[in-house]
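Here is a short tour for anyone who likes to read a fold with the coordinates open. Please have a look at the model first, and then we can walk through it together.

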Amino acid sequence: MKIASWNVNSLNVRMAHLSQWLREAQPDIVALQETKLDDERFPDSDIAALGYRSVFCGQKTYNGVALLSRVPFASECITAIPNFDDPQKRVLAATVGDLRIVDLYVVNGESVGSAKFDYKLKWLAAVREWLREELVAHPNLVVLGDFNIAPDDRDVHDPKRWREKILCSTPERDALRALLDLGLHDSFRLFNEDNGHYSWWDYRLAAFQRNWGLRIDLVLVSDALKARATAAGIDTTPRGWERPSDHTPVWVQID
């Protein structure tokens, strides 16, 4: 089973890209972020025509998450962090077969030391407590999405330039490590230890062509799924299409 994540940066703009990628890459489950659509406008019938069921949680203009699957979803679905007041549509959890899938669009944080940065850390702490409970209830857990954190310097094209900046600061990386310490594993690093692999490139300065990127889109798998993971990667092809998202899909293969 191929499980993927993609921040599409507006599904309305990128629907043709998503359709093409689904046909070519043939993923079984896909988590989307930044759909930027309220639920009434979500193209579930178009996605169904491509062979995927969908669950979604969105809002106009900002944020928005969705899960697509070739396999039916269980009826229960979580669309907010339990016991945490956040009106933004950034989380979605659903069960597919024996897998629990949690889709996250992590707060960006704007700049280190800002009010939005402090909120990002509080948001991640709340997610950690939620995932602790999810792991108990669902050992076969996949947590994926746009984490807005580069795990370490291998995931940054210019570590010196980005040192202690937003997306690469020590508090953010510590918060991500706290999630991993629950018993989660960065699937990409199970198969590739090299630097120079990224999932996001700024639209400016021809960053994609120069490979000036960050790896901030992650697929985390639980202890129970680690041994079932057979491959993981980053599909850079869609980032080279006309009017692309600034992110590209990341994926893991689970037996």
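What follows covers an annotated site and then a sheet with its helices.

**The annotated site**

Please keep in mind that this is a predicted model. The UniProt record, an unreviewed entry, carries a "binding site" annotation for Asn7, Glu34, Asp146, Asn148, Asp246 and His247. Although these residues span 241 residues in sequence, no two of their C-alpha atoms are more than 12.6 Å apart, so they gather at one spot. The lining of the largest pocket includes Asn7, Glu34, Asp146, Asn148, Asp246 and His247.

Two of the annotated residues, Asn148 and His247, invite a closer look. Both are set out here.

| Residue | Location | Relative accessible area | Side-chain polar partner |
|---|---|---|---|
| Asn148 | loop between β8 (141-146) and α4 (159-162) | 5% | backbone oxygen of Val106, 2.8 Å |
| His247 | loop between β13 (229-234) and β14 (250-254) | 4% | side chain of Asn7, 3.5 Å |

Are these two buried or exposed? Asn148 is buried, because its relative accessible area of 5% is under 20%. His247 is buried as well, because its value of 4% is also under 20%.

What surrounds them? Leaving aside neighbours within four places in sequence, Asn148 is in contact with Tyr105, Val106, Val107, Asn108, Lys120, Leu167, Glu172 and Ile216. Val106, one of these contacts, places its backbone oxygen 2.8 Å from a polar side-chain atom of Asn148. With residues up to four places away in sequence again not counted, His247 touches Trp6, Asn7, Asp146, Ser199, Trp200, Ile216, Asp217 and Arg239. Among them, Asn7 and Asp146 also belong to the annotated set, and the side chain of Asn7 makes a polar contact with that of His247.

**The sheet and its helices**

Now for the strands. Six of them form an open sheet in the order β5-β6-β7-β8-β12-β9, with mixed pairing. Its edges are β5 (73-78) and β9 (184-186), each of which pairs on one side only. On average, neighbouring strands here are turned by 20° against each other, direction ignored.

At the β5 edge, three bridges join β5 to β6 (residues 91-96), and the two strands run antiparallel. Phe73 has Val96 of β6 as its bridge partner.

Helix α3 (residues 115-137) lies across β5, β6, β7 (99-105), β8, β9 and β12 (217-222), and runs at about 175° to β7. Helix α5 (residues 170-180) packs on the sheet too, touching β9 and β12, with its direction at about 125° to that of β9.

Methods: Residues numbered from 1 in each chain as written. Predicted model: local features only at pLDDT ≥ 70, side-chain atom pairs only at ≥ 80, totals over all residues. Heavy atoms only, no water. UniProt positions renumbered as here; feature names shortened; annotations may be inferred. 1 Å grid on protein atoms, 1.4 Å probe; cavity = no way out; pocket = protein on both sides within 12 Å on 5 of 7 lines; lining within 4 Å. Buried < 20%, exposed > 50% of the residue type's maximum accessible area, 1.4 Å probe, protein only. Contact = heavy atoms within 4.5 Å. Polar contact = N/O pair within 3.5 Å; in protein donor to acceptor, adjacent residues only side chain to side chain. Pairing = 2+ DSSP bridges. Axes fitted to C-alpha atoms, helices over the stretch in contact; angles between N-to-C directions.
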